[in-house]
Structures are given as structure tokens and as C-alpha cells.
Amino acid sequence: MKIISFGDIHEDLNNLTLLKNEMESADLVIVTGDLTNFNGRKEAERVIDEIMKYNENVLAQLGNLDQPEVNDYLTEKGINLHRNGFIRDDIGIFGVGGSNLTPFNTPTEFSEDEIETFLLEGIDKVKAAKFKIMVPHMPPKDTKLDIISAGVHVGSQSVHDFILKHKPDIVLSGHIHEARGSDTIENTLAFNAGMFREGGYVVITKTPEGLSAELKVLSS
């Protein structure tokens with residue numbers, strides 16, 4: 001099984017054609033959040049429709065720059081990861097969208113307690129799965145994935161604590177554009193693919209030996 005993941009699209013779909021072969025060969029596409037740029041349902045629908053031209057098997061969630069109505073749209077479409085979970089080929093995929101609180105009052109932000117509650121709701125739906133992929137839009141705090149240009153860690157403490165407690169195999173986040181990269185939290189592989197227009201994406205592969213994942217960058 002092959003999964004492609006990216007996020008922080010912000011309505012810029014120019015790189016989709018460059019990812020065509022990867023998406024068409026994948027069994028699933030995961031969008032980690034921020035489909036739009038402070039916009040709502042209409043803009044999110046356009047993004048999802050464009051992705052589904054290459055692969056109809058999509059799971060997605062809103063980011064902090066998506067209006068709350070994006071959450072309703074994804075739920076109605078049956079592909080919403082936020083506070084939810086899906087099992088695909090013995091891989092449990094669950095998520096939390098939005099972000100932890102920021103100084104910028106963006107459209108979808110949650111307290112650390114809410115983030116923990118939403119993750120618990122999601123993992124409960126995939127507890128029977130052999131493997132777990134956790135998809136928090138916001139990266140775990142105090143890692144390589146949450147450092148802004150000023151050198152400060154701004155990720156979610158609840159996300160970090162949840163990883164330590166529940167030990168998912170892979171974590172897919174975004175949100176902090178300048179912190180594209182990978183890190184390891186105990187035995188969990190964690191990724192921030194960065195902003196989609198800068199070409200970052202993650203490829204996850206399931207083999208009889210287990211899950212593997214790699215951060216890649218598109219070359220134009």
C-alpha cells in the first residue's frame with residue numbers, strides 16, 4: 001500500500017501536475033490541513049475536486065486558515081479526518097485539524113485540552129488497526145518540525161504528549177511552513193511537509209515488514 005501526504009495548499013494547486021504520477025499510483029492521498037487561505041466551503045471544494053482528478057481516495061481536514069464551514073464540507077463528503085478515524089488496509093488514520101492557539105486569531109484554533117480530546121476521539125475509531133498514522137495539522141512542540149524563523153518552538157504540547165503516550169507509527173503535520181523536515185519521537189517517525197507550493201510531500205509505504213515513510217521534494 002502506498003500513501004501520499006501533503007498540506008498547507010492555501011489554494012495554490014500549481015504543483016499538482018508535478019505530483020501526478022505519485023498521486024495516480026497511490027492507494028490514498030492525505031491532506032493535512034490548510035486547503036484555503038482564510039476561505040470557506042467553495043474554495044475547499046475546488047481544492048479537493050482538483051486533487052480527486054488524480055486520485056479519488058482522499059482523506060483531509062481543515063487547518064487553522066480554513067473557516068469552520070470547511071469542516072462541515074469535508075464531513076458531508078465523508079473524508080474528514082478531524083476528530084475522526086479511518087482504517088485502510090490495517091492502517092488506522094486519525095487526525096486533528098486547526099491549530100493550537102496563536103497570536104493571530106486565525107479562523108480555526110483550539111486549546112491544548114481540546115486538541116487532546118479530539119485526538120482521543122479519532123484514535124478510538126482506529127484502535128483495532130495494527131498500524132497507526134496520526135495527522136495533526138499542528139506539529140508536536142519542541143521538535144525540528146515546529147520552529148519558526150525567530151527560532152521559537154510554537155507547536156502543540158498536547159500533540160507531543162499524545163505521541164509519547166499512544167506511540168503512533170507515523171505522524172503527518174504541517175502548519176509551520178519554514179519547519180519542513182522530519183524528526184523522531186521515541187519510535188515514532190514525524191514529518192512536516194511544509195507549504196505545498198514549495199514542493200514538500202511524504203510517501204508512506206506499507207510492506208509485509210511494516211510501515212516506512214520518506215519526505216520528498218518536487219523538482220520542477
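These are my notebook entries on salt bridges, aromatic pairs, backbone angles and a charged patch in a predicted model.

**Entry 1, salt bridges**

I began with the salt bridges, for which the count comes to nine. I looked up Lys-216 and found it bridged to Glu-22, with the closest N and O atoms 3.7 Å apart. Since Lys-216 sits in strand E13 (residues 210-217) and Glu-22 in helix H1, this pair ties together parts that are 194 residues apart in sequence. I then checked how far each partner is covered: Lys-216 is partly exposed, with a relative accessible area of 28%, whereas Glu-22, at 16%, counts as buried, because the limit for that class is under 20%. I also noted that Lys-2 joins Glu-22 and Lys-216 in a network of salt bridges.

Next I turned to Glu-76 and Arg-41, whose side chains meet in a salt bridge at 2.9 Å, N to O. This pair links distant parts of the chain, with Glu-76 in helix H3 (residues 68-77) and Arg-41 in helix H2 (residues 41-52), 35 residues apart. Glu-76 is exposed at 57% relative accessible area, while Arg-41 is partly exposed at 29%.

The third bridge I looked up joins the side chains of Asp-124 and Lys-127, at 3.1 Å from N to O. Here Asp-124 counts as partly exposed at 44% relative accessibility, and Lys-127 counts as exposed at 61%.

**Entry 2, aromatic pairs**

I went on to the aromatic rings, where the count comes to three pairs. For Phe-6 and Phe-196 the ring centres are 4.5 Å apart and the planes stand at 25°, so I recorded the pair as stacked. Phe-6 belongs to strand E1 (residues 2-6) and Phe-196 to the loop between strand E11 (188-192) and strand E12 (200-207), so that distant parts of the chain, 190 residues apart, are linked by this pair. Both rings belong to buried residues, Phe-6 having a relative accessible area of 0% and Phe-196 one of 1%.

For Phe-94 and Phe-162 I noted centres 6.1 Å apart and planes at 55°, so this pair is tilted. Because Phe-94 lies in strand E5 (residues 91-96) and Phe-162 in helix H5, the pair ties together parts that are 68 residues apart in sequence. Phe-94 and Phe-162 are also buried.

**Entry 3, backbone angles and a histidine**

I looked up two residues other than glycine with a positive phi, and kept in mind that most residues other than glycine have a negative phi. His-10 has a phi near 50°; it is found in the loop between E1 and helix H1 (20-24) and counts as buried at 11% relative accessibility. Asp-90 has a phi near 65°; its place is the loop between strand E4 (85-88) and E5, and at 34% relative accessibility it counts as partly exposed.

I also checked His-153, which lies in the loop between strand E8 (131-136) and H5 and counts as partly exposed at 27% relative accessibility. Its C-alpha is 5.6 Å from that of Asp-142, the two residues being 11 apart in sequence.

**Entry 4, negative patch**

Last, I looked at the surface charges and found a negative patch formed by Asp-113, Glu-114, Glu-116 and Asp-161. Helix H4 (residues 112-124) gives the most to this patch, with three residues, whereas Asp-161 is found in helix H5 (residues 157-166) and counts as partly exposed at 40% relative accessibility.

Conventions
Residues numbered from 1 in each chain as written. Predicted model: local features only at pLDDT ≥ 70, side-chain atom pairs only at ≥ 80, totals over all residues. Heavy atoms only, no water. Patch = residues over 30% accessible without salt bridge, like charges linked within 9 Å, V, L, I, M, F, W, Y side chains within 5 Å. Areas by Shrake-Rupley, 256 points an atom, 1.4 Å probe, with all protein chains shown as cover. Lys, Arg positive; Asp, Glu negative; His and termini not counted. Charge placed at Lys NZ, Arg CZ, Asp CG, Glu CD. Helix = DSSP H or I, 4+ residues; strand = E, 2+ residues; numbered from the N terminus. Buried < 20%, exposed > 50% of the residue type's maximum accessible area, 1.4 Å probe, protein only. Phe/Tyr/Trp six-rings, centres within 6.5 Å; stacked < 30°, edge-to-face > 60°.
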